[in-house]
Amino acid sequence: MFSYSNDDTIVALSTPPGKGAIAIVRMSGSRALAILNEIFSPPLAEDHNRKAVTGSVHHRDSQKVIDECVVIYYQSPRSYTGEDVIEISCHCNPIIIDQIIQQTVSGGARVAQPGEFTKRAFLNHKMDLSQAEAVAAVIAAKTRAGLACSLRQLDGSFSQLITEIQQEILNLASLIEANLDFNEEDLQVYEKPEILSRAQEVVNKIDKLLHTYDYGRLLKEGVKLLLLGKPNVGKSSLLNVLVEKERAIVSELPGTTRDYIEEFTQIEGFPIQIVDTAGIRETLDMIEEMGVKRALKHIESSDLILAIFEIHRPLDADDLHLIHYLNRYVQKKVPFLVILNKSDLGTDHHTIESLKELRSPIVEVSARTGRNIELLKQQIKNSLLIDSGLEEESVVVTNARHKQALDKARHALKNFRRGMQSGMDEVVLASELRSALDYLGEIIGEVSSEDLLNYIFSQFCVGK
Amino acid sequence: MNRNYDVIVAGGGHAGIEAALATARLGLRTALVTLRIDTIGKMSCNPAIGGLAKGHLVREIDALGGEMAKLTDRAGIHFKILNKSKGPAVWSPRAQADRLQYSRIARQVVLSQPNLEVISASVNGLKVTDGKVVAALLNRDEWIPCRALILTCGTFLNGRIYIGLNSFSSGRAGEMPVRGLTEALVELGFISGRLKTGTPPRVHRDSLDYRQMEEQPPDRPPVPFSFQTDTLSQEQLSCHITHTNQQTHEFLRMGLDRSPMYTGLISGVGPRYCPSIEDKVVRFSDKERHQLFLEPDGFDNPEVYVNGFATSLPEDIQYKALRSVAGMERAHIIRLGYAVEYDFFPSYQIQHTLETKNIAGLYFAGQINGTSGYEEAAAQGLMAGINAALKLQDQPPLILDRSRAYIGVLIDDLISKTILEPYRMFTSRAEFRLLLRHDNADLRLMETGKEIRLLPDAAYRRMLNKRQKIEQLLEHTARTSISPQRFNELAKKTNSSFITQSVPMRQLMRRPEISLKDLLEAAELDDGYSHDELVHVEFVIKYEGYLKRQAELVEKFKKMEHQSIPAEFNYHTVSSLSSEAREKLSKIRPASLGQASRIAGVRHGDITVLLIYLEKYFRSQEPVSRETL
C-alpha cells in the first residue's frame, strides 16, 4: 500500500527549553491517544476531547510515576495539525521532559523534526502558506512587536489584505476582459482615466505594504541605536537605564568609555542594539584619523541616533562640535533625537533654545534619577514608526518571498498603467493584470479565468 | 439487412458532420444516423458562424481539415472581422450564413462523401461487451454492429420545449426528441444532468421597418473563413441594430408570473453569457435599454432572427414586448421564442480524446458534453472523429494542448471543469492568447492536419508558401535599411520622428505609429505580400517582447503538463489533500499535474501535496520496492 509518513505519530517539546514553571510536550498523529493511554492515568476517551484532564504520567513497564500533569486531547480535525493532538503540560524539568518523551517514543511515537507540526498543519489545510510561514516567524520572534506582527499574519490579516488587492485587480481585469470578449454588446466602455487611477491606488496599496518590509526587517533583525555625546554627558548611564542593568562603567571622569559598548535590549517591543560610542571628542578624533568616509559609514549603518547634551550647562566647544557634526553628517540621513540629560541638576534655557535649531524632537531626561526614561522609550518607538510611515497596528511584510511577489505584482501593474497610457493593445494589458494576479496568487491562492468570467457576468449584462 | 460499420455517428448537426466526415475521410466505413436527412447541418439557433473566440475555433477546424469554414464560405451572406479596434490576437471572423443554403450544402457534402452512409433513424441504445462498444440500437429494433460510436445528439436527448407555462417534448422546434439513449447510458453507469438554452422569436422581414434601425453592413471585401478559399462571390446582406426600451421592459415584467424559468418549471441551468431578455431586465433593472441584433436568415427564407431577445415568455407577451421596439411595431412572429431543456453528460466522464472513460469506443461530442454553440460542437466532433479513427487504426491519439489551440483549451476545460451552465468559448479562457490568433491557425495546426492525413495537400502547400514568405519578410525587415529620404516622408504623415541616416526597417517597425505596409511602400519593397502575411510579420515584430514572455510561460506550463499522474493513482490514500480536492481529483482523474491545478476546488496547497506524493509514488514504483505496493 502506498502511504505517506503522515501515519507516524510525532512528539516534541513545544515550549522553549530552559527554565520555566511549565513545559508542554506535544504529540500529533493517529496513534497519539493510544500512546498516551499507555503512560497516563486516568485513561482518556473520545469524550475528553478539548478538556483539560489532571493525572499522572508513568513508565510504560514499571508504572513508576514520572510527573503529575495536565493533559489536553484535541481530536482530529479540530487541532493545530488537523490530526489527533495530545498536549502534556508537565513541570519544567529537563529530566521529566526527557522521560516523558522517551516513554512516548517507546510507545511508537517519533521525535518530530523542526517545523514538522506546522508542516502537517499546512498539509492538512489548517493554514495557508503565508500562515505557515507566520508560525515560523512567531516562534522566531524575539520581541513583543515582532510577535504581534507575526500574529497578525497568522490570524490572516495579511492574507486578507492580499485578497483585497487581488480583488481590486480582478475588478480591473474584468473590465478589460469584458471589453475584449463581449464588445459585440453595447457595453458601456470603461473610462481610461478611472482605470488608471484605480490601478494607481492598487500600486499605492502595494507600495505601502512593501514599505513595511523595512520595518519588518527592523523587527526581525533589530534596530541599531547609536549614542553620541561628549565625554561624561551621561551616555553610559543612559545606556544602563535603557538596558536596565549595570553594564557600562559609569564614572565621573570624562572619557571612561574607551571602546564601543554594545548592548541588546527591547524598547517598546523593538529589538534594539544600543551602541555607545566613545565620547564625541574621540569620535571626532576618529573622524580625523580614519577619514570622514569610514566614520560616516558607521553613522549611516544605524537606524536611530540619540544625540546627548547636558541641560544644566551652557553648550561648550565639544557640544558645538557635535552640533556641527549632526548638521553636516547626520541630518536627513539618519533620524536622531536630542536628549537633554541631567535634568535633575537644573535647566539652562539658552542651551534648549540653541538645540531647538536642530529641528529634531527633544527629550529632557535624567539618567541618574530615571526621570522621563519611559517618555524617551516612547519617543524612540515613535521615531521608528514615523520613519517607516506605519501605525502600530499595520500589517507588516516580513517575509522575503512575499516581498518578491509583491515587487513583481507592482511591476506588472506599473507596466499595465504605462501600457494603457500609451494606447497599448488591451490583450497585452490584460496579460499584465493576469501576471499581477498570478504573483499575488503565489502568496495566498490563485484567481482563475473562471473567477474572472464570474465577475464579468455579475457586473455586466452580456450576451445577445 | 446486413450492415456493418467501423464508426456510427449519432446526430447530423455540426458535431456529427465533422465527426462523420473525418472518420470517412480517414478511411473508415462510417454511418451517420440522423432523424431527418433534410436537417443535416441545420442551424438551430442564430444563422451565424464564428464571432469572438468562436471564429478562432472555426479557423482551427479548417487548419486540421474540417469542413465548417468551407461550408460557411459557401453559404455566407455577411462577413465581418470583429474586434478590429483591438489587438490582432482577438480579431475574430464572423459570418452570417443563409440558413437553408448552409444546410443544403452540408447535406450535399455529407451525401457525396465516399465511405459515408446516411441513415434516417435514431440511436436509442448501445451494446457494450467487455467494456467496449460493439453495436448501436436503431429505432429500438435493429442492432447495427460498430467499432466506435460517436454521440452528437445536441439538445435532442429527452428534449423539452417551454413557451410560457406550456411545454412539450421536442428536440428542436417542430422535431421529435430522442428517448431511451440517456437511460441506456445511465444504466451503463454514466451520470446525466440537465441544461437549458433559449432562442428568440423569428420575425418576418417584410414586417420590419429598417429605417428606424441602425444598419450594420458587412466588411468589404469579405474575408473568407477557410484558408483554402480565395475569394467570396456571393451577394452580401446587412444586419440591423435596434434597442429595447422601458415600455418593452414593462411588458416583459408583466409576463414573469408565466415564465417557466421564474415559476420554477425549468430546473436546467441556462447560460449566463446568453441570458433571456427577461433575465436581463430582472438582473440589470437599471439598464434603460438592451441591444437587439437582427440577423437575416438568407435570401429565400424571410425569417429574421432577433438576437438578444431569447425568451420563453408566453406568446402574448412576446408580441407586446417585441412590438414596442423601434422598427418592430408591426412585427409578425413566424416562430415564437422558446427555451429547451435537455440531457447532457457532465464532461469529466470523457478523456482528452473525447472517448468516455468508462466505455472504450464510445465518444461524446457537442452539447451532450454541456457545451453550446455550433463552433464548439464542430471542434469536438472533429476531434472525436479524428481520435476514433486514430484509435481504430492503432495510431497515437491527437491531443492539442492549451498552448496550441483554442480547441485544446476547449477540451481541457470540459474535462477539468465542473460544467454548471452551457460552456462557451471566450478568448479570456485561453492563457496564451497572443499565440493563438485566428490568422495563424494554419501555421499552428496544418502540420498536424497533414500528419493525420485529413488536410488536403493543396492547403498544406499553401501554408508552406505562406510560412516561407513570412520568413522571407522577417529576414527582409531585419536586413534592409531605409534611407532618410524615403522614410521621412512617411514620418511626416504619421507624426513620427525623422531619421538622419539609414535605419534597419525592423527597428523603425518598433514605433507604434509605423505600420509594416506603409514602411514597405515607402521603401518601395511592396512585393505582393498577403494581408495575413503582413499582419503576422507586423505582430511578430511589434509584440516581440510579449511573445517571448508568453513563450516562457508556455515552457513553464508544459513542465506541469508533463508531470503525469498515473491513472490508477489513489487520491484517498493522500490524507493531507483537502476533502474537496480529493473528491474532485478522484472524479476527474487528471492526466497531469497541470490539469489537476486547473480543477476548481484544487488549491495551491493541494498541488504542493500532490507533488510530494507523486515523487514518493514514483520512487516506490521502482523495481526494488515493487512488492511493497
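**Strands, helices and aromatic pairs in the predicted model**

In chain B, strand S1 (residues 7-10) runs parallel to S2(B), and four bridges join the two. The model described here is a predicted one. Within this pairing, Val7(B) has Thr30(B) of S2(B) as its bridge partner. The connection between the strands involves helix H1 (residues 14-25) of chain B, and S1(B), H1 and S2(B) together make a right-handed β-α-β unit. S2(B) also runs parallel to strand S6 (residues 116-120) of chain B, to which five bridges join it. Here Leu32(B) is matched with Val118(B), its bridge partner in S6(B).

How many residues of strand S2 (residues 30-34) of chain B are buried? Five of the five are, so S2(B) is largely enclosed by the rest of the structure. In a regular strand, side chains alternate between the two faces of the sheet. In S2(B), both faces are covered: Thr30(B), Leu32(B) and Thr34(B) are buried on one side, and Ala31(B) and Val33(B) on the other.

A second sheet in chain B is open and has three strands in the order S7-S8-S9, with antiparallel pairing. Strand S7 (123-129) and strand S9 (142-145) stand at its edges; each has a single partner strand, so one side of each is left without a neighbour in the sheet. From one strand to the next, the twist averages 30°. Six bridges join S7(B) to strand S8 (residues 132-138) of chain B, and Val123(B) has Leu138(B) as its bridge partner in S8(B). A charge and a ring also meet in this part of the chain, where Lys127(B) lies over the face of Trp143(B), at 4.9 Å from the ring centre.

Loops can hold buried residues too, as two cases in chain B show. Glu175(B), in the loop between strand S12 (166-169) and helix H5 (181-187), is buried, with a relative accessible area of 8%. Among the residues that Glu175(B) touches are Arg36(B), Lys42(B) and Phe156(B). Leu336(B) lies in the loop between strand S19 (333-335) and strand S20 (338-344). At 19% relative accessibility, Leu336(B) counts as buried because the cut-off is under 20%. Its contacts include Ile163(B), Pro200(B), Pro201(B) and Glu315(B).

Turning to the helices, eight of the 11 residues of helix H11 (residues 441-451) of chain B are buried, so H11(B) is largely enclosed by the rest of the structure. Leu443(B), Leu445(B) and Met446(B) are among these buried residues. What do the buried residues of H11(B) pack against? Their neighbours are helix H2 (54-64), helix H10 (406-416), helix H12 (457-479) and helix H16 (531-542) of chain B. Arg453(B), which follows H11(B), has a positive phi, near 70°.

Over all chains, the structure holds nine aromatic pairs. One of them, Phe432(B) with Phe557(B), is edge-to-face, at 5.3 Å centre to centre and with 65° between the planes. This pair links distant parts of the chain, 125 residues apart: Phe432(B) is in the loop between H10 and H11, and Phe557(B) is in helix H17 (residues 544-562). Phe432(B) is buried, at a relative accessible area of 4%, and Phe557(B) counts as buried at 10%. The rings of Phe569(B) and Tyr571(B) have centres 5.0 Å apart and planes at 75°, so this pair is edge-to-face. Phe569(B) is buried, with a relative accessible area of 1%, and Tyr571(B) is buried with a value of 1%. Phe182(A), Tyr273(B) and Phe426(B) form one aromatic cluster.

Notes. Residues are numbered from 1 along each chain as its sequence is written. Chains are lettered from A and ligands numbered from 1 in the order in which they are written. This is a predicted model: local features need pLDDT of at least 70, side-chain atom pairs count only at pLDDT 80 or more; totals for chains, interfaces and linings use all residues. Side-chain values use heavy atoms; hydrogens and water are left out. Buried means under 20% relative accessible area, exposed over 50%, partly exposed in between (1.4 Å probe, protein chains only). Two strands pair if DSSP finds at least two bridges between them. A crossover is right-handed if, with the strands pointing away from the viewer, the path from the first strand over the helix to the second runs clockwise. Contact means heavy atoms within 4.5 Å. Axes are lines fitted to C-alpha atoms, for helices over the stretch in contact, and angles run from 0 to 180 degrees between N-to-C directions. Rings of Phe, Tyr and Trp (its six-membered ring) pair if their centres lie within 6.5 Å; planes under 30 degrees apart count as stacked, over 60 as edge-to-face and the rest as tilted. A charge sits over a ring if NZ of Lys or CZ of Arg is within 6 Å of the ring centre and within 35 degrees of the ring normal. Lists of a residue's contacts leave out its neighbours within four places in sequence.
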